[in-house]
Amino acid sequence: MTRWIALHGIAFTRAAKRLAHTPLGTLLSILVVAIALVLPALGYVLADSVARLAQGLSGQPEISLFMEVGADKARVTAVEQALRTNKGVTGLRFVSRDEALKQLANGSGLGDVTQALGDNPLPDAFVVTPHSDSPAEFKRLADDFRKLPGVAHVQLDTEWVQRLAALVSLARTAVGALAGLLGAALVIVTFNTIRLQILTQRHEIGVSLLLGATTQWVRRPFLWFGILQGALGGLAAWGLLLGILALMRGPATQLADSYGIPLELGGPDALGVAALVGFAALLGWLGAALSVRRHLHAAGERGDG
């Protein structure tokens, strides 16, 4: 075990020296990896922020029933009794048309407008809290409520949140597809980088194999090179991501505040950063392994010649 660790330590050192030997080329390769990673990472962070926003706003799901404007007290009472005896209802709140008008005047700053109205145009309403929050149960209750006499409109208060959640799910799928494509591009970049290194060192590789070096000995530095290049690209992607989020945070918060929406545009946590760097290192290792498997044997044969 100690010998295995020592051999990998030697390979790690050789790979690090190769990276340091060509600083400009290394920097450009790291930037390519970082740019390929930062796009899906940014999309994931934005989708995650919107998902947290939807979860925070959804709260307790409710159904609102709006009576016809001219519904008399007897019809309102009949609807209330029907709702109270419904086993799917756990909470019920009645909002009279006068109370609704008062809330509109106080909450929206339209006091002058409401005072200018001749008659109250708002209907009586009921706010229902269902026993279950499953979408199927919501739809069943809403269909039942629409059949009640005097009910003009039934509104699921969480419909827009559900649409937002569906949009977030779609965005996450798109980000996943983008991450797959850019990940493949990262593997190709590493594959080509290792291929060029093998070609430039083919004579050294051939001599090493003639002197008895094992293929594992020759292969390890290239694999560590891919891992290091990927990991450094992941760290650079994290830095780019923080910079982009810092630029976006002010305008995004200002836009959200104008709509009264509490939006928090945060960066990835420690686990997210570790996942980003680890994923980049894994892709770097994959590209290096494929390239070594494809080109190392051929380079050894040419070196022998």
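## Annotated spans

UniProt positions are quoted in the numbering used here, with feature names shortened, and the annotations may be inferred rather than shown by experiment. The structure discussed in this report is a predicted model. For this chain, an unreviewed UniProt entry places the feature "transmembrane region" at residues 24-47, 174-194, 222-250 and 270-292.

Two of these spans can be described from the model's geometry. Residues 222-250 are 100% helix and 0% strand, and the C-alpha atoms at the two ends of the span lie 43 Å apart. Residues 270-292 are likewise 100% helix and 0% strand, with 32 Å between the end C-alpha atoms.

## Overall architecture

The chain has 305 residues, of which 37% count as buried. Its secondary structure amounts to 10 helices and four strands. From the start of the sequence to its end, these elements follow the pattern α-α-β-α-β-α-α-β-α-β-α-α-α-α.

## The open sheet

The four strands form an open sheet with antiparallel pairing, in the order β2-β3-β1-β4. Its edges are β2 (89-95) and β4 (151-156), each of which pairs on one side only. On average, neighbouring strands of the sheet are turned by 20 degrees against each other, with direction ignored.

In the pairing of β1 with β3, strand β1 comprises residues 63-67 and strand β3 residues 125-130. The two strands run antiparallel and are joined by four bridges. Within this pairing, L65 stands opposite F126 of β3.

## Salt bridges in helix α6

The structure contains five salt bridges in total. Among them is the contact between E137 and R140, whose closest N and O atoms are 2.8 Å apart. Both residues belong to helix α6 (residues 135-146), and because they are three residues apart there, about one helical turn separates them. The two partners differ in burial class: E137 has a relative accessible area of 18% and is therefore buried, the cut-off being under 20%, whereas R140, at 38%, is partly exposed.

R140 also meets the side chain of D144 in a salt bridge, with an N to O distance of 3.0 Å. D144 and R140 are four residues apart in helix α6, about one turn of the helix. D144 has a relative accessibility of 28% and counts as partly exposed. Through shared partners, the salt bridges join E137, R140 and D144 into one network.

Another salt bridge links the side chains of K139 and D143, at 3.3 Å from N to O. These two residues also lie in helix α6, four residues apart, again about one turn of the helix. K139 counts as exposed, with a relative accessibility of 51%, so this residue passes the cut-off of over 50%. D143, at 29% relative accessibility, counts as partly exposed.

## A nonpolar surface patch

A nonpolar patch on the surface is formed by L24, L27, L28, L31, I35 and L240, which together have about 550 Å² of accessible area. Helix α2 (residues 23-58) makes the greatest contribution to the patch, supplying five residues.

L240 is located in helix α9 (residues 215-258). The relative accessible area of L240 is 35%, and the residue is partly exposed. Patch members must have over 30% relative accessible area and no salt bridge, so L240 meets the accessibility criterion.

## A contact distant in sequence

I10 is located in helix α1 (residues 2-21). This residue has a relative accessible area of 38% and is partly exposed. In sequence, I10 and R220 are 210 residues apart, while their C-alpha atoms are 9.0 Å apart in space.

Notes:
Residues are numbered from 1 along each chain as its sequence is written. This is a predicted model: local features need pLDDT of at least 70, side-chain atom pairs count only at pLDDT 80 or more; totals for chains, interfaces and linings use all residues. Side-chain values use heavy atoms; hydrogens and water are left out. A salt bridge is a side-chain nitrogen of Lys or Arg within 4 Å of a carboxyl oxygen of Asp or Glu. Buried means under 20% relative accessible area, exposed over 50%, partly exposed in between (1.4 Å probe, protein chains only). Two strands pair if DSSP finds at least two bridges between them. Axes are lines fitted to C-alpha atoms, for helices over the stretch in contact, and angles run from 0 to 180 degrees between N-to-C directions. Patches are made of residues with over 30% relative accessible area and no salt bridge: like charges are joined within 9 Å, nonpolar side chains (Val, Leu, Ile, Met, Phe, Trp, Tyr) within 5 Å. Accessible areas come from the Shrake-Rupley method with a 1.4 Å probe; for residues, only the protein chains shown count as cover.
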